Amino acid sequence: DPPSPEKREVRPPDVSTVNRILNESEQHADPLHPALRLIAYTGIRRGEALGLHWNEVDLTRPEITITESLVRSAELGLILEPPKSRAGRRVINLDDGTAQVLREHKVRQMEHRLVLGSAYQDNDFVFPDDFGMPLNPMALTRALQRAARQAGAGHVKLHDLRHFHASLLL
């Protein structure tokens with residue numbers, strides 16, 4: 001039997017590090033700042049954020065419903081799949097600040113759609129590419145890396161934001 005790999009201890013970033021990263025992405029008007037904020041404040045996965053549709057966002061309650069995840073298939077490219085487990089389908093409450101960030105994001109997205117006109121394909125994604133199609137997941141990873149570098153936060157991964165959220169809940 002091959003030796004099992006050593007499990008490394010998970011060290012989520014602290015509150016000040018995450019705040020610096022989010023502030024950098026907001027100050028540089030990164031179009032993916034709302035996605036980074038949503039992941040940090042809800043603990044959802046990258047694919048769940050990118051697979052989120054506006055019809056699953058209720059900004060009056062405020063809450064989101066996770067029903068699918070955007071994944072990359074070697075054969076099919078970017079596809080939507082249901083969550084890994086039945087528990088993966090869930091409703092997540094949003095704090096007021098994150099709900100406001102999503103409201104503002106929706107307005108900017110609608111303005112962008114008007115500018116592009118018929119070139120924009122409305123697939124109802126909360127975080128689409130510039131033309132309304134599913135966003136390459138690496139774009140979100142790069143947005144976090146860019147903001148972390150600008151914030152002097154070192155190497156922070158998107159999944160670390162999930163651990164960050166869980167640590168705050170504990």
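This section describes the overall build of the chain, its nonpolar core and several individual residues.

The structure is a predicted model. Six helices and five strands make up the chain. Read from the N terminus, these elements follow the order α-α-α-β-β-β-β-β-α-α-α. The radius of gyration is 17 Å, close to the 15 Å that the globule rule gives for 170 residues, so the chain is as compact as a globular protein of that length. Along the principal axes, the C-alpha atoms occupy a box of roughly 55 × 40 × 30 Å.

Of the 170 residues in the chain, 42% are buried. Among contacts with a separation of 6 or more, 60% are between residues 24 or more positions apart. The exposed area of the chain is about 10200 Å², and carbon and sulfur atoms supply 51% of this area. The chain carries 22 positive and 23 negative charges, and the mean positions of the two sets lie 3 Å apart.

In soluble globular proteins, nonpolar side chains tend to be buried together. The largest nonpolar core of the present model has 37 residues. Within this core, Ile21, Leu38, Ile44, Ile64 and Leu140 touch the most other members. Two or more residues of the core come from each of helix 1 (15-27), helix 2 (33-42), helix 3 (46-50), strand 2 (63-66), helix 4 (96-116), helix 5 (137-150) and helix 6 (158-169). Leu38 illustrates how such a residue is surrounded. When neighbours within four places in sequence are left aside, Leu38 is in contact with Gly43, Ile44, Leu52, Ile64, Leu94, Thr98, Leu102 and Phe127. Two of these partners, Ile44 and Ile64, are themselves listed with Leu38 among the core residues that touch the most other members.

Helix 2 was then considered as a whole. Nine of its ten residues are buried, so helix 2 is largely enclosed by the rest of the structure. The buried residues are His33, Pro34, Ala35, Leu36, Arg37, Leu38, Ile39, Ala40 and Thr42. The list therefore includes Arg37, since a residue counts as buried when its relative accessible area is under 20%, whatever its type. Just after helix 2, Gly43 has a positive phi of about 80 degrees.

Two residues from other helices are in contact with helix 2. Leu161 is located in helix 6. Its relative accessibility is 2%, so Leu161 counts as buried. Apart from neighbours within four places in sequence, the contacts of Leu161 are Val18, Leu36, Ile39, Ala40 and Leu144. Of these partners, Leu36, Ile39 and Ala40 are among the buried residues of helix 2. The C-alpha atoms of Leu161 and Ile44 are separated by 8.8 Å, although the two residues are 117 residues apart along the chain. Ser25 belongs to helix 1. With a relative accessible area of 2%, Ser25 is also buried. Outside its neighbours within four places in sequence, Ser25 is in contact with Asp30, His33, Leu36 and Ala147. Leu36 thus appears among the contacts of both Leu161 and Ser25.

Some backbone features were found in the loops. A cis peptide bond, with omega about -25 degrees, joins Arg61 and Pro62. Pro62 lies in the loop between strand 1 (57-58) and strand 2. Ala29 is not a glycine, yet its phi is positive, at about 50 degrees. Ala29 sits in the loop between helix 1 and helix 2. Its relative accessibility of 61% is over the 50% limit, so Ala29 counts as exposed. Asp124, another residue other than glycine, also has a positive phi, near 70 degrees. Asp124 occupies a place in the loop between helix 4 and helix 5. The relative accessible area of Asp124 is 24%, which makes this residue partly exposed.

Lys7 is placed in the segment before helix 1. At 82% relative accessibility, Lys7 counts as exposed. The C-alpha atoms of Lys7 and Asp130 are separated by 39 Å, and the two residues are 123 residues apart along the chain.

Note on methods. Residues are numbered from 1 along each chain as its sequence is written. Side-chain values use heavy atoms; hydrogens and water are left out. A nonpolar core is a set of buried Ala, Val, Leu, Ile, Met, Phe, Trp, Tyr and Cys residues joined through side-chain atoms within 4.5 Å. Buried means under 20% relative accessible area, exposed over 50%, partly exposed in between (1.4 Å probe, protein chains only). Helices (H or I, at least four residues) and strands (E, at least two) are DSSP runs, numbered from the N terminus. Contact means heavy atoms within 4.5 Å. The radius of gyration is taken over C-alpha atoms; the globule rule is 2.2 Å times the number of residues to the power 0.38. Accessible areas come from the Shrake-Rupley method with a 1.4 Å probe; for residues, only the protein chains shown count as cover. Lys and Arg count as positive and Asp and Glu as negative; His and the chain ends are not counted. The place of a charge is taken as NZ of Lys, CZ of Arg, CG of Asp or CD of Glu.
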